[in-house]
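Trainee: Please take me through this chain one question at a time, and let each answer close on the value or name that I ask for.

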Amino acid sequence: MTTPLARNDAGDYSGLRALHVVHDDTVIDLSAAQQAVTDLLRALGRDPASPHLRDTPRRVAATFAEMLTPSPFSMTTFANDEGYDELVLTQGIPFSSLCEHHLLPFSGVAHVGYLPDDRIVGLSKLARVVRQFASDLQVQERLTTQVADFLQTTLRPKGVGVVFEAEHLCMSVRGVQVPGTRTVTSRLLGALRDDPRSRHEFLALTGTTP
Ligand code: ZN
């Protein structure tokens, strides 16, 4: 399993709370991955010993290792002392992830917002959360759900809204071969799902109003 773990590593400091978010201890065996790429090249009728391909297994193994290893970060939250009660939204967070069905990238942007209750979070952390869950073998639907549910659990806001827009290489270069198509997924929780005004505001700001 590669579900990220969340571990409390800091107490409260006058309203500041940090949650250290790390990947679990899934071990990537680089030399086994390299050997597997060599075998794949051979199975595809290519000669892994040719000068053009000699370094390819090492590069491919390193590429996958990089794409599947998120950087740990601290999910620092603060007391909402000033009682800010409007939407907080970070738009257009670029991301790329790996489709678990084809091991091909899908990439695009995420819009992540929440309606604060008692706590707020450093803005850069919303992008960090996206990157954390994108660094995995994924499907876009699960990625969207994981980001929304993580924010709901760690921040306990009045509402969470997450939209992912992505192009999937497995749709662009193979199969149906429709480059340029965008797949949109969303997950709305709490007031952003149930309160019509908040919902409309979120969807309008993210450009996803029907
Ligand atoms: Zn795919």
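**Strands, helices and core**

Trainee: In the hairpin of β6 and β7, which residue takes a positive phi?
Mentor: Five residues lie between the two strands of this hairpin, where strands (E, at least two residues) and helices (H or I, at least four) are DSSP runs numbered from the N terminus. Residues are numbered from 1 along each chain as its sequence is written. The model is predicted, and local features therefore need pLDDT of at least 70, side-chain atom pairs count only at pLDDT 80 or more, and totals for chains, interfaces and linings use all residues. Within the hairpin, the residue with a positive phi, near 55°, is L103.

Trainee: How many bridges join β6 to β7?
Mentor: Strand β6 covers residues 88-99 and β7 covers residues 105-115, and the two run antiparallel; strands count as paired if DSSP finds at least two bridges between them. One place to look is P94, which stands opposite V109 in β7. The number of bridges joining β6 to β7 is nine.

Trainee: Which strands stand at the edges of the sheet?
Mentor: The sheet is open, has five strands with mixed pairing, and follows the order β9-β6-β7-β10-β11. At one end, β6 pairs with β9 (residues 137-138) in the parallel sense over two bridges, and L98 has L137 as its bridge partner. Each edge strand has a single partner, so one side of each is left without a neighbour in the sheet, and these strands are β9 and β11.

Trainee: What angle does the direction of helix α3 make with that of β6?
Mentor: Helix α3 (residues 124-134) packs on the sheet, touching β6, β7 and β9, with contact meaning that C-beta atoms, placed from the backbone, lie within 7 Å. Axes are lines fitted to C-alpha atoms, for helices over the stretch in contact, and angles run from 0 to 180 degrees between N-to-C directions. On that basis the angle is about 15°.

Trainee: In β10, which residue does V109 stand opposite?
Mentor: Strand β10 (residues 159-168) pairs with β7 in the antiparallel sense over 10 bridges. Across from V109 in β10 stands E165.

Trainee: Which element gives the most to the largest nonpolar core?
Mentor: A nonpolar core is a set of buried Ala, Val, Leu, Ile, Met, Phe, Trp, Tyr and Cys residues joined through C-beta atoms within 7 Å. The largest one has 29 residues, and V129, V147 and L151 are among those with the most contacts inside it. Contributors of at least two residues each include β3 (19-22), β7 and β10. The element that gives the most, with six residues, is α4.

Trainee: Is Q177 buried or exposed?
Mentor: A residue is buried if 20 or more other C-beta atoms, placed from the backbone, lie within 10 Å of its own, exposed if 12 or fewer, and partly exposed in between. Q177 lies in the loop between α5 (169-172) and β11, and its phi is positive, near 50°, although the residue is not glycine. With 8 other C-beta atoms within 10 Å, Q177 is exposed.

Trainee: What is the mean pLDDT of the chain?
Mentor: The predictor's confidence in each residue, pLDDT, runs from 0 to 100. It stays under 50 over residues 1-13, while 90% of the residues in the chain reach 70 or more. The mean pLDDT of the chain is 90.

Notes
Two residues are in contact if their C-beta atoms, placed from the backbone, lie within 7 Å.
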